[in-house]
There are 2 protein chains.
Amino acid sequence: MDAALQTGLEALGDSTRMAIFQKLSAGPLAVNELAGMLPVSRPAVSQHLKVLKDAGLVTDRKSGTRRYYALDPEGVARLRAHFDALWDRSLHAFQVAAEKR
Amino acid sequence: MDAALQTGLEALGDSTRMAIFQKLSAGPLAVNELAGMLPVSRPAVSQHLKVLKDAGLVTDRKSGTRRYYALDPEGVARLRAHFDALWDRSLHAFQVAAEKR
DNA sequence: ATCAATGGTAAGCCTCCACTAACGGTAAGC
DNA sequence: GCTTACCGTTAGTGGAGGCTTACCATTGAT
């Protein structure tokens, strides 16, 4: 199958990680700020961010004692391409089946 | 948040369900046929199909003793729309952040 | 009516993983 | 120096869910 697609899916499959992703889609945020918006502790957020970073969906930038996380547009675009291909294949197959009638 | 997006994500987040989705993208299949292609038992496939059906990604059609499952183009299109909106928001936010520099 | 084929469901097990608590580490301010 | 703020990591735990086994229902064939 497609490893990148599967990795991205598993990364966003968890609801908390998806929430983090949504928050970051509004702009960069520090770990504490993220933890303040979510019903989980700060270490949990840290761990989720690690997963998102390993999946190439997020980048981090250190600023003083704080560390800001932001979406990685390259990783997002790559994942989007995989999804688009998946949708196309799926809907194309349905189109063929419909015409065969 | 967006419940439909979250439901669809959790549905496809599992690797086995994703595999089922991929198989069905080639055309309708019966439960036994799906189980034969996958390293899990038939009941497991049935349970996964139930989840996919509840998420609106799959439809079932009874034919004799067999039950054929197929992708639901409407549900797929709906999920795709949510994803597209998510990508757009994400990349737009990055664009804004880049111009602000 | 009996049997085979197909599949949905229940119960139980077991693994995985999300989460917290505790610790250590680094940077800024006093 | 000391303290405060912020963060990553580890160890341990609890719960969620994926899987199998067993059972039952339905359909079609003999």
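This passage describes the contacts between two protein chains and two DNA strands in a predicted model.

Local features were taken at pLDDT of at least 70 and side-chain atom pairs only at pLDDT 80 or more, while totals for chains, interfaces and linings use all residues; side-chain values use heavy atoms, without hydrogens and water. Residues are numbered from 1 along each chain as its sequence is written, and chains are lettered from A and ligands numbered from 1 in the order in which they are written.

The contact between the protein chains takes 29 residues from chain A and 29 residues from chain B. Contact here means heavy atoms within 4.5 Å. Chain A and chain B bury about 2900 Å² between them. Of this area, 71% lies on carbon and sulfur atoms. Buried area is the accessible area (1.4 Å probe) that two parts lose on being put together, summed over both. In chain A, the residues that lose the most area to chain B are A:Gln22, A:Arg80 and A:Trp87. Together they account for 22% of what that side buries.

Between chain A and chain B there are 4 salt bridges. A salt bridge is a side-chain nitrogen of Lys or Arg within 4 Å of a carboxyl oxygen of Asp or Glu. One of them joins B:Arg80 to A:Asp84, at 3.9 Å from N to O. Helix 1 (3-13), helix 2 and helix 5 (73-99) of chain A each give two or more residues to the side that touches chain B. Helices (H or I, at least four residues) and strands (E, at least two) are DSSP runs, numbered from the N terminus. Helix 5 of chain A supplies the largest share of that side, 14 residues. By class, the side of chain A that touches chain B has 17 nonpolar, 6 polar and 6 charged residues. Ala, Val, Leu, Ile, Met, Phe, Trp, Tyr, Cys and Pro count as nonpolar; Asp, Glu, Lys and Arg count as charged; the others, Gly among them, count as polar.

B:Ser25 lies in the loop between helix 2 and strand 1 (29-30) of chain B. B:Ser25 counts as buried because its relative accessibility is 12%. Buried means under 20% relative accessible area, exposed over 50%, and partly exposed in between (1.4 Å probe, protein chains only). Leaving out residues up to four places away in sequence, B:Ser25 touches A:Arg89, A:Ser90, A:Ala93 and B:Leu71.

DNA strand C is surrounded by 23 residues. A residue is near a strand if one of its heavy atoms lies within 4 Å of it. The closest are A:Ser41, A:His48, B:Asn32, B:Ser46 and B:Arg67. Of the strand C atoms within 4 Å of the protein, 68% belong to sugar or phosphate and the rest to bases. A polar side-chain atom of A:Ser41 lies 2.5 Å from a phosphate oxygen of strand C. For B:Arg67, such an atom lies 3.3 Å from a phosphate oxygen of the strand. The surface near strand C divides into 7 nonpolar, 10 polar and 6 charged residues.

DNA strand D also has 23 residues around it. Among the nearest are A:Asn32, A:Tyr69 and B:His48. Of the strand D atoms within 4 Å of the protein, 66% belong to sugar or phosphate. A polar side-chain atom of A:Gln47 lies 3.3 Å from a base oxygen of strand D. A backbone N or O atom of B:Ser41 lies 2.6 Å from a phosphate oxygen of strand D.

Definitions and conventions: Polar contact = N/O pair within 3.5 Å; in protein donor to acceptor, adjacent residues only side chain to side chain.
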